[in-house]
Amino acid sequence: MTVLPITIWGEPVLHRRASEVEVFDEELRTLIEDMFETNEAANGVGLAAPQVGVGKRIFVYNYPNDDDAPERGVLVNPVLTLSKVSGALPDPEEHVEGCLSFPGEHYPLQRAEWARVKGFDGNGNPVEFEATGWFARVMQHEFDHLDGKLYVNRLVDRYAKKAMKQAKKNGWGVPGLTWMPGVDPDPFGH
């Protein structure tokens with residue numbers, strides 16, 4: 001297994017829809033294991049293939065949950081069905097997200113409280129479960145990556161402006177920027 005570099009906001013693969021996985025083979029399973037290894041080294045709760053430079057509809061997660069879902073899993077070609085997202089402003093204490101591809105930053109974002117998740121594992125077997133609360137947030141966050149969106153693309157105006165200002169300050173928004181989990185300092189201080 002290999003730890004892969006994580007792409008940073010501005011890398012083109014992060015900003016376009018990922019393509020469907022058509023072949024469930026050893027190459028796919030190796031990518032999935034490398035993604036698990038990378039996510040663990042980065043202290044992440046989830047990691048999507050575009051975040052390691054691969055434009056495929058795959059994400060891994062490792063998040064303890066009270067739902068009927070494994071704590072650690074992979075979803076290939078996932079589909080999410082969501083409950084309604086509250087129109088209330090996000091609570092800056094309770095609804096804060098971060099992203100390995102927008103490293104070191106946190107901003108509040110309102111998300112759906114429930115998600116039905118369907119997809120496949122690395123062998124092509126069907127996977128289906130419901131996610132609630134923070135686990136549902138993790139599923140939505142990773143799924144967004146597969147559609148070319150980062151959570152900062154969904155922020156309300158005042159937080160979006162802060163995020164873009166920070167991106168500019170960090171020199172992000174251009175291709176070729178990555179950070180290496182386990183080598184570079186942990187941007188979230190874990």
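Student: Is Arg 137 buried or exposed in this structure?

Tutor: In this predicted model, Arg 137 has its place in helix H2, and its relative accessible area is 5%. A residue counts as buried when that value is under 20%. Because 5% falls under that cut-off, Arg 137 is buried.

Student: Which residues does Arg 137 touch, leaving aside those up to four places away in sequence?

Tutor: A touch here requires heavy atoms within 4.5 Å. Among the residues that Arg 137 touches is Leu 109, whose backbone oxygen lies 2.8 Å from a polar atom of the Arg 137 side chain. Val 54, by comparison, is 83 residues from Arg 137 in sequence and 22 Å from it in space, C-alpha to C-alpha. The full set of residues touched by Arg 137 is His 95, Glu 97, Leu 109 and Arg 111.

Student: How many residues of H2 are buried?

Tutor: Helix H2 has 14 residues and reaches 21 Å from its first C-alpha to its last, close to the 20 Å expected at 1.5 Å a residue. The buried residues include Phe 135, Met 139, His 141 and Leu 146, and what covers the buried residues of H2 includes E2, E3, E4, E5, strand E7 (114-120) and strand E8 (126-132). H2 is mostly covered, and the number of its residues that are buried is 12 of 14.

Student: Which residue just after H2 takes a positive phi?

Tutor: The place to look is just after the helix, where one residue has a phi of about 80 degrees. That residue is Gly 148.

Student: Which element gives the most to the lining of the largest pocket?

Tutor: The largest pocket has a volume of about 400 Å³, and of the 19 residues that line it, the closest to its centre are Gly 44, Val 45, Glu 97, Gly 98 and Cys 99. Two elements, strand E5 (96-99) and helix H2 (133-146), give two or more residues to this lining. By class, the lining has eight nonpolar, eight polar and three charged residues. With five residues, the element that gives the most is H2.

Student: Which element supplies the largest share of the lining of the second largest pocket?

Tutor: About 270 Å³ of space lies in the second largest pocket, and of its 17 lining residues, the closest to the centre are Val 85, Gln 110, Arg 111, Gln 140 and Arg 154. The lining has nine nonpolar, three polar and five charged residues. E4 and H2 each supply at least two residues, and the largest share, three residues, comes from H2.

Student: Which residue caps the N-terminal end of H1?

Tutor: Helix H1 (residues 26-41) has 16 residues and reaches 22 Å from its first C-alpha to its last, close to the 22 Å expected at 1.5 Å a residue. At its N-terminal end, a side-chain oxygen of the capping residue lies 3.3 Å from the backbone nitrogen of Glu 27. The capping residue is Asp 25.

Student: Which strands are included in what covers the buried residues of H1?

Tutor: The residues to be covered are the buried ones of H1, namely Leu 28, Leu 31, Ile 32, Asp 34, Met 35, Phe 36, Thr 38 and Asn 39. The strands included in their cover are E1 (6-7), E2 (46-48), E3 (58-62) and E4 (72-82).

Technical notes
Residues numbered from 1 in each chain as written. Predicted model: local features only at pLDDT ≥ 70, side-chain atom pairs only at ≥ 80, totals over all residues. Heavy atoms only, no water. Helix = DSSP H or I, 4+ residues; strand = E, 2+ residues; numbered from the N terminus. Expected span 1.5 Å × (residues − 1). Buried < 20%, exposed > 50% of the residue type's maximum accessible area, 1.4 Å probe, protein only. Polar contact = N/O pair within 3.5 Å; in protein donor to acceptor, adjacent residues only side chain to side chain. 1 Å grid on protein atoms, 1.4 Å probe; cavity = no way out; pocket = protein on both sides within 12 Å on 5 of 7 lines; lining within 4 Å. Points joined across faces, edges and corners; volume = space filled by probe spheres on them. Nonpolar A, V, L, I, M, F, W, Y, C, P; charged D, E, K, R; others polar.
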